[in-house]
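Subject: Structure handover: pocket and ligand

Hi,

Here is the structure for you to look over. My notes on the pocket and the ligand follow below it.

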Amino acid sequence: MAILETIVVAFWVMLPAYVPNNAAVLTGGGRPIDGGRTWGGRRVLGDGKSWRGTAGGILTGLALAGLLNLVAVDVGSALGVELPEFPILAAIGLAGGAMLGDILASFVKRRTGRERGAMFPGVDQLDFVVVSLPLTALLATEWFTTWFTLEVILVIVILTPILHVVTNVIAYKLGLKNEPW
Ligand code: CTP
Ligand code: MG
């Protein structure tokens, strides 16, 4: 694959994993997943991980995957790149894995004494990749190995932190997020 093509494929296959975090910011609030419980004197996850935000994030990711399936052929031919449709298990792995990774990161943040909203460089930017890729590999193995080539994974690891920083600064400036990370 040419480098530009690799970047387009990497961005496309990761869209159902990218969008849930942002959708959670918009839909979040209400009852926290940990129900307010603490562990070792600190919240298990914190108020930043709510049931509503988690459900909103996953559902938005699944809906987006469905939408992308409708336009994959047209967008692909317009860009001159072959773009995949998302089998339901792949969409679940990407969207569910992204939310799960984000939740696990909050768990780690609380255990290491970081308050809600505290910055955790590296983890904030890649937590969802670390879980969504293995989960997708597990749930949709053939699809995963076809599209997530080593080159694509390498581009994802480089591209994701950049996209994460840019989208979060925008969300912060728009007043949607409390911190720019
Ligand atoms: N959010 C949510 N449920 C999730 C993930 C996010 O409700 N599973 C919402 C919360 O309102 C959260 C906001 O999205 O405050 C931003 O998400 P994030 O940066 O992940 O949470 P933080 O508030 O920074 O908390 P943490 O330190 O635990 O990451
Ligand atoms: Mg945060």
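α1 gives the most to the lining of the largest pocket: eight residues. Bear in mind that this is a predicted model. α1 covers residues 3-27. Four further helices each supply at least two lining residues: α2 (51-79), α3 (88-111), α4 (123-139) and α6 (150-173).

Now the pocket as a whole. The volume of the largest pocket is about 880 Å³. Its lining has 39 residues. Closest to the centre are N21, V25, K49, D102 and K177. By class, the lining splits into 14 nonpolar, 15 polar and ten charged residues.

Where does ligand 1 sit? Ligand 1 is in the largest pocket. The elements that give two or more residues to the shell around ligand 1 are α1, α2 and α3. Here α3 has the largest share, with four residues. So you have two rankings to keep apart: α1 leads in the pocket lining, while α3 leads in the shell around the ligand.

The shell itself comes to 18 residues. K49, S50, S106, R116 and G117 are the closest to ligand 1. K49 also appears among the residues closest to the pocket centre. Sorted by class, the shell holds two nonpolar, eight polar and eight charged residues.

Which side chains put a polar atom by the ligand? Three to check:

- R110: a polar side-chain atom lies 2.8 Å from an oxygen atom of ligand 1.
- T54: a polar side-chain atom lies 2.9 Å from a nitrogen atom of ligand 1.
- K177: a polar side-chain atom lies 3.2 Å from an oxygen atom of ligand 1.

Ligand 1 taken alone exposes 560 Å², and the protein buries 89% of that. K177, the last in that list, is also one of the residues closest to the centre of the largest pocket.

In short: ligand 1 sits in the largest pocket, with 18 residues around it and 89% of its exposed area buried by the protein.

Best wishes

Definitions and conventions
Residues are numbered from 1 along each chain as its sequence is written. Chains are lettered from A and ligands numbered from 1 in the order in which they are written. This is a predicted model: local features need pLDDT of at least 70, side-chain atom pairs count only at pLDDT 80 or more; totals for chains, interfaces and linings use all residues. Side-chain values use heavy atoms; hydrogens and water are left out. On a 1 Å grid over the protein atoms alone, a cavity is a set of points where a 1.4 Å probe fits but cannot get out, and a pocket is an open set with protein on both sides within 12 Å along at least five of seven lines; lining residues have an atom within 4 Å of a point. Grid points are joined across faces, edges and corners, and a volume is the space filled by probe spheres set on the points. Ala, Val, Leu, Ile, Met, Phe, Trp, Tyr, Cys and Pro count as nonpolar, Asp, Glu, Lys and Arg as charged, and the others, Gly among them, as polar. A residue is near a molecule or strand if one of its heavy atoms lies within 4 Å of it. A polar contact is a pair of N or O atoms within 3.5 Å; within protein, one must be able to donate a hydrogen and the other to accept it, and residues adjacent in sequence count only if both atoms are side-chain atoms. Accessible areas come from the Shrake-Rupley method with a 1.4 Å probe; for residues, only the protein chains shown count as cover. A molecule sits in a cavity or pocket if more than half of its atoms lie within 2 Å of its grid points.
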